[in-house]
Amino acid sequence: MQRVTLVALATMLSALPAFAQTAGAPGPAAAPQPHHATPAATPAATQANQAKPAAPASTPESRSAAALALSHEPTYDQGTAQRIREAALSYSDLAVRGGWPTIPADAKFALGVEGANDDLLRKRLIITGDLATDKATGPYDEALAEAVKRFQVRHGLAATGTVTPRTLAALNVPVQKRIKQLEASLERLAQTDFQFGQRYVVVNIPATFAEAVEDDKVVRRYRVIVGKTEKPSPTLTAEITSVNLNPTWTVPSSITKTEISAHMRKDPTYLSRMHMEVLDAHDNPVDPNSVDWSGNHTPNVTVRQQNGTWNALGAVKIDMPNSYSVYMHDTNQHSLFSDDYRFDSHGCSRVDNVRDLAAWLLKDQPQWTRTSIDAAIATGQRQDVRMLKKVPVAWIYLTAWMTKDQTVQFRNDIYDQDQQLLEATAEEAAFFNKAVEHPLTAHLAQ
């Protein structure tokens, strides 16, 4: 499988037209720059895994509306791989030209105040197209603050316009690492077999956002909570087959063995307080006191939580059969969607404003409007709504990508998977290259 490497990219630069730029050519020593759209046209800080809510009183509806209003460009579509190749070429050219300067860790920046490193920050932002080339000198003014915001948006940071510690750390990530992120994202897409439909759903795990795409445009965007670093959400492709209203939650055996058992050892009333029941292999009730909760082995029972406000899945579960047994769902802890860091699940994806997503998924079934979904949930009765038209869904792991407006996005490699993938791919390539050189292989090829 071919990979885009720094050496190969550097040799291909002459074949690539220069990207459109924010404000003219950067001069003879600078690289062709991807165009970084203005904040009104790019995914805003609300698209970032470190984004903050627009206001303390934000609602699921306002959060998803704010995220959608700022960009309708999909993270993942049929042109994503090609655009990542183009971005990799551009960043490799930057590397050949020396990359960008490092800003001192103790640098101080304040709006309206002249600082020792203001021009260095301007140079850094000009190189990646976040600041116009005619703004190369001057104190920290509004223009520079807007450039910082553009940079923050592209890197999943809250668009404050101030150089926070996280922003400074992102500014100082070397270009070589950014190229590696692009390479890993491209390799990952090469291994993904996804059948794009006229309507589909994408969860980009590092960005902690879900997008509902229709006719090649994002029509819904939602914050999501995905797997913890020790329990990462998997990458997968599947089809959404049904929407469950007021679902029960069958606790995975791994959670029963570890967490449920630990709770029961400390508090024998835990299951009853959490509205959970214990069932045997035939779904018959079992007395919790008769179960060995020592934690030495997995109890040979099923633990199921009844539906209701206490249920961990909330009021909606979206079924998408897959080999990992994960799915998308609501939660009874909606305040978590306002957090900057949204890696807190056991692998499933909790979706902010999930009722809106359910209504979009069921739009071909006129009886299931948002109003009727709310009414059905209000009854408290479980109801499984099978979709007449299945919707493709992909959970992807892209720490670097470029949207159609040529805005290059980066996110933290939260699961530390990029380097592992590139090392594994390099080992595989070395193995096959060595096999090709083997005398027996050469003899058979004759």
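Biologist: What share of the contacts with a separation of 6 or more comes from residues 24 or more positions apart?
Modeller: Please keep in mind that this is a predicted model. Among contacts in the protein with a separation of 6 or more, the ones counted here join residues 24 or more positions apart. Their share is 70%.

Biologist: Thanks! How many helices and strands does the protein have, and what percentage of its residues count as buried?
Modeller: The protein has 13 helices and 14 strands. To count as buried, a residue must have under 20% relative accessible area. Of the 446 residues, the part that counts as buried is 49%.

Biologist: Let's look at a pair of helices. How are H3 and H7 oriented to each other?
Modeller: Helix H3 covers residues 80-96 and helix H7 covers residues 175-190, and their axes are 9 Å apart. The two pack at an angle of about 160°. An angle over 145 degrees counts as roughly antiparallel. That makes the orientation of H3 to H7 roughly antiparallel.

Biologist: Which class of residue, nonpolar, polar or charged, has twelve members in the contact of H3 with H7?
Modeller: H3 passes H7 in a left-handed crossing. The contact includes Ile84, Ala88 and Tyr91 of H3, and Ile179, Leu182 and Leu186 of H7. By class, four of the contact residues are polar and two are charged. The class with twelve residues is nonpolar.

Biologist: What about H4 and H5: which word describes how they lie to each other?
Modeller: Helix H4, residues 118-127, packs with H5 at an angle of about 45°, and the axes are 11 Å apart. H4 passes H5 in a left-handed crossing. Roughly parallel would need an angle under 35 degrees, and roughly perpendicular one from 65 to 115. H4 and H5 are therefore oblique.

Biologist: How many charged residues are in the contact of H4 with H5?
Modeller: On the H4 side, the contact is made by Asp118, Leu121, Arg122, Arg124 and Leu125, and on the H5 side by Leu144, Ala147, Val148 and Phe151. Six of the contact residues are nonpolar and no polar ones take part. The number of charged residues is three.

Biologist: Leu144 came up there. Is Leu144 buried or exposed?
Modeller: Leu144 is found in helix H5, residues 142-154. Not counting residues up to four places away in sequence, Leu144 touches Asp118, Leu121, Arg122, Leu125, Leu131 and Pro139. Because its relative accessibility is 0%, Leu144 counts as buried.

Biologist: And how far apart in space are Leu144 and Gly161?
Modeller: In sequence, Leu144 and Gly161 are 17 residues apart. In space, C-alpha to C-alpha, the distance is 8.1 Å.

Biologist: On to the strands. How many residues of S1 are buried?
Modeller: Strand S1, residues 199-204, has both of its faces covered. Arg199, Val201 and Val203 are buried on one side, and Tyr200, Val202 and Asn204 on the other. The count of buried residues in S1 is six of six.

Biologist: Which strand pairs with S1 in the parallel sense?
Modeller: S1 pairs with S2 over six bridges in the antiparallel sense, and there the bridge partner of Tyr200 is Val213. Four bridges join S1 to another strand, at residues 383-396, and this pair runs parallel. Asn204 stands opposite Ile396 in that strand. The parallel partner is S12.

Biologist: Which residue in the hairpin of S1 and S2 takes a positive phi?
Modeller: The hairpin has four residues between the strands. The residue in question is not a glycine, although its phi is about 50°. With a relative accessible area of 0%, this residue of the hairpin is buried. Its name is Thr208.

Biologist: Asp416 has a positive phi near 60° as well. Is Asp416 buried or exposed?
Modeller: Asp416 lies in the loop between strand S14 and helix H12. A residue needs over 50% relative accessible area to count as exposed. Because Asp416 has 53% relative accessibility, it counts as exposed.

Biologist: One last question: which strands stand at the edges of the sheet of S5, S6 and S7?
Modeller: The three strands form an open, antiparallel sheet in the order S5-S7-S6. Two bridges join S5 to S7, where Thr250 stands opposite Arg304. Each edge strand has a single partner, so one side of each is left without a neighbour in the sheet. The edge strands are S5 and S6.

Technical notes: Residues numbered from 1 in each chain as written. Predicted model: local features only at pLDDT ≥ 70, side-chain atom pairs only at ≥ 80, totals over all residues. Heavy atoms only, no water. Axes fitted to C-alpha atoms, helices over the stretch in contact; angles between N-to-C directions. Left-handed = near helix turned anticlockwise from the far one by under 90°. Contact = heavy atoms within 4.5 Å. Nonpolar A, V, L, I, M, F, W, Y, C, P; charged D, E, K, R; others polar. Pairing = 2+ DSSP bridges. Buried < 20%, exposed > 50% of the residue type's maximum accessible area, 1.4 Å probe, protein only.
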